[in-house]
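Please open the model in your viewer and keep the sequence panel beside it, since this tour moves from one selection to the next. Each stop names what to select and then says what is there.

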Amino acid sequence: MKSRNSLIRLKRFQVDEKRRQVMQIEMMIAEFERMASELDEQILAEQKRSGITDITHFAYPTFAKAAMSRRDNLMGSANDLRGQLEAAQAALSEAVEEMKKIELLEERDQMREKTAQDAAEQDALDEVAARRSYHHAG
C-alpha cells in the first residue's frame with residue numbers, strides 16, 4: 001500500500017513535470033511568433049519608408065533583408081518547436097493515463113478494504129446480537 005502511494009506521488013510529479021514542459025514549449029512558440037510579427041511590422045515600415053517592396057531591387061533596404069532573414073529563422077524555430085510540442089503532449093497524455101490507472105487500482109483496493117472492514121464489523125454486530133438473543137432466550 002505504501003509503495004503504491006509513493007508510486008502515485010511519483011506519477012503525479014511526472015505529470016506535473018510534463019505539463020510544465022508542454023507549457024514552456026507553448027510559451028516559446030508564442031514568443032517566437034510575437035517576435036516574428038514585430039519583425040513583419042518593421043519590414044513593412046522600412047519598405048514604406050524606402051518606397052521599395054521588390055526584394056530583388058538593388059536598392060532594397062538591407063535592414064528589411066536582415067529582418068526578413070531573422071523572421072524566417074524565428075518561424076523555422078517555431079515550426080521545429082511544434083514537433084517537440086507534439087511529442088511533449090503525447091508524453092503528457094501517456095503519463096496522465098499511467099497515473100489514472102494507478103489511482104484506479106488504489107481506489108479499488110480501498111473499496112475492497114472498506115467492504116472487508118464493513119463485513120467484519122457486521123459479523124461482530126451479528127455475533128453480539130446472537131449472544132443477546134441467546135441470553136434473553138435462556
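Begin by selecting L10, which counts as partly exposed because its relative accessibility is 40%, in a model that is predicted. L10 has its place in helix α1, the element that covers residues 2–50. Now add L7 and F13 to the selection: together with L10 they form a nonpolar patch on the surface, and the accessible area of the three together is about 270 Å².

The next stops concern charged side chains. As a general point, side chains of opposite charge can pair when their charged atoms come close. How many salt bridges does the count come to? With a side-chain nitrogen of Lys or Arg required to lie within 4 Å of a carboxyl oxygen of Asp or Glu, the count comes to 13 salt bridges.

Select D16 and R19, which form one of these salt bridges, with 3.7 Å between the closest N and O atoms. Both belong to helix α1, and because they are three residues apart there, about one helical turn separates them. D16 has a relative accessibility of 37% and so counts as partly exposed, while R19, at 40%, is likewise partly exposed.

Stay with the charged residues and select E31, R34 and E38, which are linked to one another in a network of salt bridges.

Then select E33 together with R82, whose side chains meet in a salt bridge with an N to O distance of 2.0 Å. Which parts does this pair tie together? E33 lies in helix α1 and R82 in helix α2, which spans residues 62–137, so the salt bridge ties together parts that are 49 residues apart in sequence. For E33 the relative accessibility is 30%, so this residue counts as partly exposed, and R82, with a relative accessibility of 30%, counts as partly exposed too.

For the last stop, move along helix α2 and select E127 and R131, which are four residues apart in that helix and therefore separated by about one helical turn. Their side chains meet in a salt bridge, at 2.6 Å from N to O. Are these two residues buried, partly exposed or exposed? E127 counts as partly exposed because its relative accessibility is 43%, and R131, with a relative accessible area of 48%, is also partly exposed, given that exposed means over 50% and buried means under 20%.

Technical notes. Residues are numbered from 1 along each chain as its sequence is written. This is a predicted model: local features need pLDDT of at least 70, side-chain atom pairs count only at pLDDT 80 or more; totals for chains, interfaces and linings use all residues. Side-chain values use heavy atoms; hydrogens and water are left out. Patches are made of residues with over 30% relative accessible area and no salt bridge: like charges are joined within 9 Å, nonpolar side chains (Val, Leu, Ile, Met, Phe, Trp, Tyr) within 5 Å. Accessible areas come from the Shrake-Rupley method with a 1.4 Å probe; for residues, only the protein chains shown count as cover. Helices (H or I, at least four residues) and strands (E, at least two) are DSSP runs, numbered from the N terminus. Buried means under 20% relative accessible area, exposed over 50%, partly exposed in between (1.4 Å probe, protein chains only).
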